[in-house]
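The exercises below are meant to be worked with the sequence and the model side by side. Each task is followed by a solution that goes step by step.

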Amino acid sequence: MPWLIAVLGGFSCGALLYSAVTRCRPCLSVRRRPAALVLATQLFFVLVATNEEIVWRRVVLGELLAAGAVAAMLGSTVGFALMHRSRRRLQLVTGAVFGGLYLSTGSLAASVAAHWAYNALVGSLVDRRRAFRDAAP
């Protein structure tokens, strides 16, 4: 699959996953923040997503493929969920989506894009809720 198509598909899957999990429409925060802070935050989300996708999809899932696609997906998804300290059931779902995207596209870029989009949207939701809470009397 061409790289650009994989990335666009990954972004779409990340946004759909966010909508399914939160039951909210994807929306990036509209709070006014310094551009450097926005850039640093998104760079952090990209680095986290890239790091986790390299470890759990490229390395773990890739190495387990010799045991079969189902075993590889199961092993990498469970490992991904256990690595997170909270909401492990949710992490099973997100890990399965990212792993399925990696296997179906053959592109790490697709799973990184999905993971980044999901994290960025969740971060934006947290930011909006904080702003609402801080604005309340």
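**Exercise 1: Aromatic pairs**

Four aromatic pairs are found when the whole structure is searched, where rings of Phe, Tyr and Trp (its six-membered ring) pair if their centres lie within 6.5 Å, and planes under 30 degrees apart count as stacked, over 60 as edge-to-face and the rest as tilted. The model is a predicted one, in which local features need pLDDT of at least 70 and side-chain atom pairs count only at pLDDT 80 or more, while totals for chains, interfaces and linings use all residues. Residues are numbered from 1 along each chain as its sequence is written, and side-chain values use heavy atoms, with hydrogens and water left out.

Task: Describe the geometry of the pair formed by Phe11 and Trp116, and state where its two members lie.

Solution. Step one is the geometry: the ring centres of Phe11 and Trp116 are 5.3 Å apart and the planes meet at 75°, which makes the pair edge-to-face. Step two is the location: Phe11 belongs to helix H1 (residues 3-22) and Trp116 to helix H5 (residues 108-135), so that the pair links distant parts of the chain, 105 residues apart; helices here are DSSP runs (H or I, at least four residues), strands are E runs of at least two, and both are numbered from the N terminus. Step three is accessibility, for which buried means under 20% relative accessible area, exposed over 50% and partly exposed in between (1.4 Å probe, protein chains only). Phe11 is partly exposed at 32%, and Trp116 is partly exposed at 21%.

**Exercise 2: A pair between H3 and H4**

Task: Explain why the pair of Phe80 and Phe98 is edge-to-face, and decide whether each member is buried or exposed.

Solution. Step one: the pair of Phe80 and Phe98 is edge-to-face because the planes stand at 85°, with the ring centres 6.3 Å apart. Step two: Phe80 lies in helix H3 (residues 69-83) and Phe98 in helix H4 (residues 88-105), 18 residues apart, and this pair too links distant parts of the chain. Step three: Phe80 is buried with a relative accessible area of 1%, and Phe98 is buried at 1%. Step four widens the view: ring pairs link Phe80, Phe98 and Tyr118 into a cluster. The charged end of Arg57 sits over the ring of Phe80, 4.7 Å from its centre, where the criterion is NZ of Lys or CZ of Arg within 6 Å of the ring centre and within 35 degrees of the ring normal.

**Exercise 3: The nonpolar cores**

Task: Find which residues have the most contacts inside the largest nonpolar core, and which elements give two or more residues to this core.

Solution. Step one: a nonpolar core is a set of buried Ala, Val, Leu, Ile, Met, Phe, Trp, Tyr and Cys residues joined through side-chain atoms within 4.5 Å. The largest such core has 13 residues, and Tyr18, Phe98 and Tyr118 have the most contacts inside it. Step two: H1, H4 and H5 each give two or more residues to this core, and H5 gives the most, with five residues. Step three: leaving out residues up to four places away in sequence, Tyr118 touches Gly14, Leu17, Tyr18, Val21, Leu90, Thr94 and Phe98, contact being heavy atoms within 4.5 Å. Step four: a second, separate core of six residues includes Leu61, Ala72, Met73 and Leu108.

**Exercise 4: Positive phi in the loops**

Task: Determine where Arg23 and Arg87 are placed, and give the phi of each residue.

Solution. Step one is the background: most residues other than glycine have a negative phi. Step two: Arg23 has a positive phi near 60°, is placed in the loop between H1 and helix H2 (35-64), and is exposed with a relative accessible area of 78%. Step three: Arg87, likewise not a glycine, has a positive phi of about 50°. Arg87 is placed in the loop between H3 and H4 and is exposed at 60% relative accessibility.

**Exercise 5: The whole chain**

Task: State how many helices and strands the protein has, and in what order its elements run.

Solution. Step one: the secondary structure comes to five helices and zero strands, and from the N terminus on the elements run α-α-α-α-α. Step two: the C-alpha trace spans about 55 × 30 × 25 Å along its principal axes. Step three: buried residues make up 34% of the 137 residues.
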